[in-house]
Amino acid sequence: MMKHLFSLAASLGAIGASIVSQKSARGTLTFTYSPNITRVTISNPPINVFDANLASDLLEFLLSIQPSNTMPLSPPKVVILASADADFFIPHIDLLSILPPQTAAKTAFLDSCTQVTALLRNTTTTVFITEIDGRASGIGDEILLQTDLRFAGPGARLSQLETAVGVFPGGGGMKALPSQISRARALQYALTNEAVGGAKAADLGWVNGYFDSKETLRMGVDEVARKIALRPAGALEGAKRALPRLYPHEAEYEDDLKKFSDLAGSEETAALVKGYIELSENQTRGWFELGVPESLEELF
Ligand SMILES: *[C@@H]1O[C@H](CO)[C@@H](O)[C@H](O)[C@H]1NC(C)=O
Ligand SMILES: *[C@@H]1O[C@H](CO)[C@@H](O)[C@H](O)[C@H]1NC(C)=O
Ligand SMILES: *[C@@H]1O[C@H](CO)[C@@H](O)[C@H](O)[C@H]1NC(C)=O
């Protein structure tokens, strides 16, 4: 189905038309196709928590754009990742999934998280752009850090909340952040959970640029995507490959995941996670989730 729509978008491109929309299997993503560009809008109510549904939908999408012999038409040159929720990009992982006891379903979920981030890092045939105008913490921030370009709006709030619930950013984001903002700053943000807004994130290099309204953000991102999409695919891929390798060996990500899972099994972590689930009224929109990271102090 998705392959079919890529070809549809391509033929529409040939006649100058654009825009076809479709939803992912579990409904958490809306794909808007135009020639060479796919806009992916996340909507996973109540607050876009990164749960098994969202992880599976993203994974299926990323697998569907891998070049293969069975896919005669080229993958989109640009994928834009955005959120339908004005307050939240992706606030964090589903914390219920890291509460003991470990089950096969929880292990499979963590595995799909690592596949999503690996595919964002290792797909060279598509340029990934994140458009952020809400809260992105934990895995949400790690996902945007592993896309190629990122632009923020006035509602953006980037942070890593993990240490406040007894784990750490184990989804690959910490391999990418130091080269953007320095190791000492990356570590400060990881250790204290402090947040940065969009303008400061642009100054620091955490994101590529800042736009001061939701409208100019969207227009700015679409304009960057449109420019990139006119360039030949081979040149774009060449450019992505020519940059020095930002990412360490895959084994390091596996080590992080193992350490993360070990910590998630500890009593101290479980108590903090339970506290978080209670105060956030089970990860729903309210003072606690909207107040992260400041509200995290209530856990101690
Ligand atoms: C990219 O990551 C995926 C998911 O982990 C993996 O299956 C695939 O082999 C990787 N591809 C390359 C070229 O490393
Ligand atoms: C889409 O990509 C093709 C192939 O590189 C190119 O000829 C065409 O101009 C691009 N169209 C748009 C609208 O980006
Ligand atoms: C939290 O909500 C989920 C559904 O999103 C439900 O499965 C779970 O039982 C709830 N947990 C608690 C502790 O209320």
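A residue counts as near a molecule if one of its heavy atoms lies within 4 Å of it. That's the rule for the ligand exercises below. We're working on a predicted model, where local features need pLDDT of at least 70, side-chain atom pairs count only at pLDDT 80 or more, and totals for chains, interfaces and linings use all residues. Residues are numbered from 1 along each chain as its sequence is written, chains are lettered from A and ligands numbered from 1 in the order in which they are written, and side-chain values use heavy atoms, with hydrogens and water left out.

**Exercise 1. Find the surroundings of ligand 1 and work out how far the protein buries it.**

Step 1: apply the distance rule, and you get Ala-118, Leu-119 and Asn-122 around ligand 1.
Step 2: look for polar contacts (pairs of N or O atoms within 3.5 Å). Asn-122 puts a polar side-chain atom 2.4 Å from an oxygen atom of ligand 1.
Step 3: take the area (Shrake-Rupley, 1.4 Å probe). On its own ligand 1 exposes 360 Å², and the protein buries 38% of that.

**Exercise 2. Repeat this for ligand 2 and list its polar contacts.**

Step 1: the residues surrounding ligand 2 are Asn-36, Lys-77, Ala-229 and Leu-230.
Step 2: start with the side chains. Asn-36 has a side-chain N or O atom 2.5 Å from an oxygen atom of ligand 2, and for Lys-77 the value is 2.7 Å.
Step 3: check the backbone too, as a polar backbone atom of Ala-229 sits 3.3 Å from an oxygen atom of ligand 2.
Step 4: of the 370 Å² of accessible area that ligand 2 has on its own, the protein covers 47%.

**Exercise 3. Describe the largest pocket: its volume, its central residues and its lining.**

Step 1: set up the grid. A pocket is an open set of points on a 1 Å grid over the protein atoms alone, where a 1.4 Å probe fits, with protein on both sides within 12 Å along at least five of seven lines; lining residues have an atom within 4 Å of a point.
Step 2: fill it with probe spheres set on the points, which gives about 720 Å³ for the largest pocket.
Step 3: count 24 lining residues, with Arg-121, Asp-148, Lys-240, Leu-243 and Tyr-247 nearest the centre.
Step 4: sort the lining by class (Ala, Val, Leu, Ile, Met, Phe, Trp, Tyr, Cys and Pro nonpolar; Asp, Glu, Lys and Arg charged; the others, Gly among them, polar). That yields 11 nonpolar, 6 polar and 7 charged.
Step 5: trace the elements (DSSP runs: helices H or I of at least four residues, strands E of at least two). At least two lining residues come from each of α3 (104-122), β8 (149-152) and α9 (233-242).

**Exercise 4. Which element gives the most to the lining of the second largest pocket?**

Step 1: the second largest pocket holds about 240 Å³.
Step 2: its lining includes Phe-168, Met-174, Arg-183 and Leu-187.
Step 3: α6 gives the most, with 5 residues.
Step 4: by class, the lining splits into 8 nonpolar, 1 polar and 3 charged.

**Exercise 5. Follow β8 into its sheet and find the edges.**

Step 1: two strands pair if DSSP finds at least two bridges between them. The open sheet of 7 strands runs β1-β2-β3-β4-β6-β8-β11, with mixed pairing.
Step 2: β1 (20-23) and β11 (209-210) each have a single partner strand, so one side of each lacks a neighbour in the sheet.
Step 3: β6 (127-132) pairs with β8 in parallel over 4 bridges, and Ile-132 is opposite Ala-152 in β8.

How values were computed: Polar contact = N/O pair within 3.5 Å; in protein donor to acceptor, adjacent residues only side chain to side chain.
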